[in-house]
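Here are some exercises to work through with the sequence and the structure side by side. Try each task before you read its solution.

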Amino acid sequence: MFEQKFGLALFAIVAGIVAHTTSLIAFLMPLKVLLLASSDGVPSYSQVFIRPENKTEWIVGLSLVALLLYVISLIAELFADRIAANGGRLVQMRRGLAGVAVAQGDSRQEERIKGYYSTCCTILSNSIFTIVAIVAVTFINLPLAAYIIMMALTFYGLSYCAYQNYINGRGGNIGKLIDEDIGGYLKLVTSVTFLTGFLVILQPFLVGGDANLLFSIVSIILLRQLLSTFSTSSKSFFKFIRSKDKVDTLLFEAYSSRDDGQSLELSDLHQFLAADSRSSWISAELVDFGVSHECYLSLWVDSIVQDVFLINLVRRERLDAEPLYQVRIYDMKSRRVMNGEKLLLEYMGRKQLRLPPSIRSFERHSYHCEILDLQQSRLVRDNDEYDMVIHKAIELQWSLKPCDKLVAAYRNCAPTLITRLSRISINKLLVAVDTEETVKVFTCLKDLWGEILKILSSSPLYLHNHSWGVDNFLVHREFIEPFFSGWDRWSIEPIGYKFPKGIKKSEIRLILSKLSLERSDLESQFTVDSAILINKMAKFEAAFSKKKYRECLSIAENLIDSDVLLMERESA
């Protein structure tokens, strides 16, 4: 990347180092001024170049120098950002991506390239400054420098092992924290290093060793600045590495213009999942079940979940028969999808979730693989059968009451419908309020908004599977009983959040009457109208997120006369 515009990159890195250095000196200078001003005369270490009669002039001069250095640091930081942005723009132009971005309708591509280029310059300048700061600490406080290096190597080794174990499916809370909140993890690490490093600085004073107050104070400031810079560059570097596929594709011509016309990612995928190579390793995993590639054929299936690949295994002599096994392959980019299902399975059993049995789970290269047994289930044959299955699937999902621990775990990482709606500012609908009728609807909606949220907050919750289509449904081989091939995308929502197309009010009433026998939290006050109200509010949220404010008002007009809201007003 830098060889294309090495000069600009070098200037950006040097400017970043100058910004860090002058900023550090600018904050050290006031310390020098305070020590000089508070002393009766001139400190011994300053008498070489400061005379007592010139003390006042030196105090004023050093204060002005501190201010000047701070201004220089701001200018250098701005200069570094501008140079990095220009370098990224020139790289983008040289790569010939401007026309591609416009042609593909992706106007953000140029900004991504400039952002990656600028981030890389910042990481390098921060890293060089960190090394220089450690060298400076070595001259001032050698034990502290040795301690910083030891802690850096220790934390790096432990963090690397924990993260590798996590992404390879072996679990671990530390690896999970690094993956989900790298900023919080680095803050914890740098805080521990700073506090323990402070004890190293304090140690000579406690044991009566050779201690220098000024050097100790300077060591503390250097340590704090060093750790802050290290944390910032480490966080940027981690995110940069996780975006490697995008960075390579955008910045390096070798990845986006290969001789065979394929990207590196597609080439690797072909080697791993191509028909002539996948059969052998799949049959090797199923050898205990009498499956061999001579008897079974592996057929590719288009998944509705991005970066989750599906392979069905059918007998060679009956290619039109139902598959007996399905291999689900999770790309590393889809590990959050995989972890979402794993979280759900910690609280709910596979049988309860109507998932086929999982007979094998293993790792292949950077892919997590799972083999499902489909011998008791089959694919949905046509749309008519799908219509029959979908009604039973609705009943099944609404019967899945999440336990309190699962609800708490989910709310820690994602908001429910009531939370999302409570964050909406309905005053944004005023742009579509332009007739007497819409004024009336908006006024009524605003008056009823609190009551709507109250109804939603007291509504029973269920587990909603977002993979809502023919591809994600299976049925029992002997009778119409639904299975889900996966719970890759799920959420916790109030009953009524999703209806299948064409469902009748009488059918919803029948489902709720059955559920009232299974779920004790489904009280008599929760009626068909309650479910319909929730369904309309879900549509309201979807329309609002797309800024379809006229559609929001149309949905609100149908809500105003709801029997549920009428009963709520009467009870109030």
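A charge sits over a ring if NZ of Lys or CZ of Arg is within 6 Å of the ring centre and within 35 degrees of the ring normal. Keep in mind that the model you are looking at is predicted.

**Exercise 1. A charge over a ring**

Task: Find the residue that lies over the face of Phe 194, and give its distance from the ring centre.

Solution: Start at the ring of Phe 194 and look over its face: there you meet Arg 224. The distance from the ring centre is 5.1 Å. This agrees with the cut-off, which asks for CZ of Arg within 6 Å of the ring centre.

**Exercise 2. The chain as a whole**

Task: How many helices and strands are there in the chain, and what percentage of its residues count as buried?

Solution: Step one is to count the elements: the chain has 21 helices and 10 strands. Step two is burial: 45% of the 572 residues count as buried. As an extra step, take the contacts between residues at least 6 apart in sequence; 69% of them join residues at least 24 apart.

**Exercise 3. Two tilted pairs**

Task: Describe the aromatic pair of Trp 398 and Phe 499, and work out which parts of the chain the pair ties together.

Solution: A pair of aromatic rings is described by the distance of the centres and the angle of the planes. The structure holds 9 aromatic pairs. In the one formed by Trp 398 and Phe 499, the centres are 6.0 Å apart, the planes make an angle of 55°, and the pair is tilted. Next, locate the partners: Trp 398 belongs to helix 14 (residues 383-398), while Phe 499 sits in the loop between strand 10 (490-494) and helix 18 (505-518), so the pair links parts that are 101 residues apart in sequence. Finally, check burial, where the cut-off is under 20% relative accessible area. Trp 398 is buried at 0%, and Phe 499 is buried at 16%.

Now try the rings of Phe 544 and Tyr 549: their centres are 5.5 Å apart and their planes are at 55°, so this pair is tilted. Phe 544 is buried, at 10% relative accessible area, and Tyr 549 is buried too, at 14%. Both residues belong to one aromatic cluster, together with Trp 449 and Phe 540.

**Exercise 4. Two helices that cross**

Task: Describe how helix 17 and helix 19 cross, and say which residues make the contact.

Solution: Two packed helices are described by the angle between their axes and the distance between the axes. For helix 17 (residues 436-457) and helix 19 (residues 528-545), the axes come within 11 Å and cross at roughly 115°. Their crossing is left-handed. From helix 17, the contact uses Leu 445, Trp 449, Ile 452, Ile 455 and Leu 456; from helix 19, it uses Leu 533, Ile 534, Met 537 and Phe 540. Sorting these by class gives 9 nonpolar, no polar and no charged residues. Notice Trp 449 and Phe 540, which are also members of the aromatic cluster.

**Exercise 5. Buried or exposed?**

Task: Decide for each of these residues whether it is buried or exposed: Glu 541, Gly 197 and Glu 317.

Solution: Use two cut-offs: buried means under 20% relative accessible area, and exposed means over 50%.

- Glu 541 lies in helix 19. Its relative accessibility is 15%, so Glu 541 is buried. Beyond its neighbours within four places in sequence, Glu 541 contacts Leu 417, Arg 420 and Leu 421.
- Gly 197 lies in helix 7 (residues 182-207). With 1% relative accessibility, Gly 197 is buried. Outside its neighbours within four places in sequence, Gly 197 touches Leu 144, Tyr 147 and Leu 223.
- Glu 317 lies in the loop between strand 2 (308-315) and strand 3 (325-330). At 59% relative accessibility, Glu 317 is exposed.

**Exercise 6. Positive phi**

Task: What is the phi of Arg 354 and of Lys 547, and where do these residues lie?

Solution: Arg 354 is not a glycine, yet its phi is positive, about 60°. Arg 354 is placed in the loop between helix 13 (335-345) and strand 4 (358-364), and is buried at 18% relative accessibility. Lys 547, also not a glycine, has a positive phi of about 60°. The loop between helix 19 and helix 20 (549-560) holds Lys 547, which is exposed at 60% relative accessibility.

Definitions and conventions
Residues numbered from 1 in each chain as written. Predicted model: local features only at pLDDT ≥ 70, side-chain atom pairs only at ≥ 80, totals over all residues. Heavy atoms only, no water. Phe/Tyr/Trp six-rings, centres within 6.5 Å; stacked < 30°, edge-to-face > 60°. Helix = DSSP H or I, 4+ residues; strand = E, 2+ residues; numbered from the N terminus. Buried < 20%, exposed > 50% of the residue type's maximum accessible area, 1.4 Å probe, protein only. Axes fitted to C-alpha atoms, helices over the stretch in contact; angles between N-to-C directions. Left-handed = near helix turned anticlockwise from the far one by under 90°. Contact = heavy atoms within 4.5 Å. Nonpolar A, V, L, I, M, F, W, Y, C, P; charged D, E, K, R; others polar.
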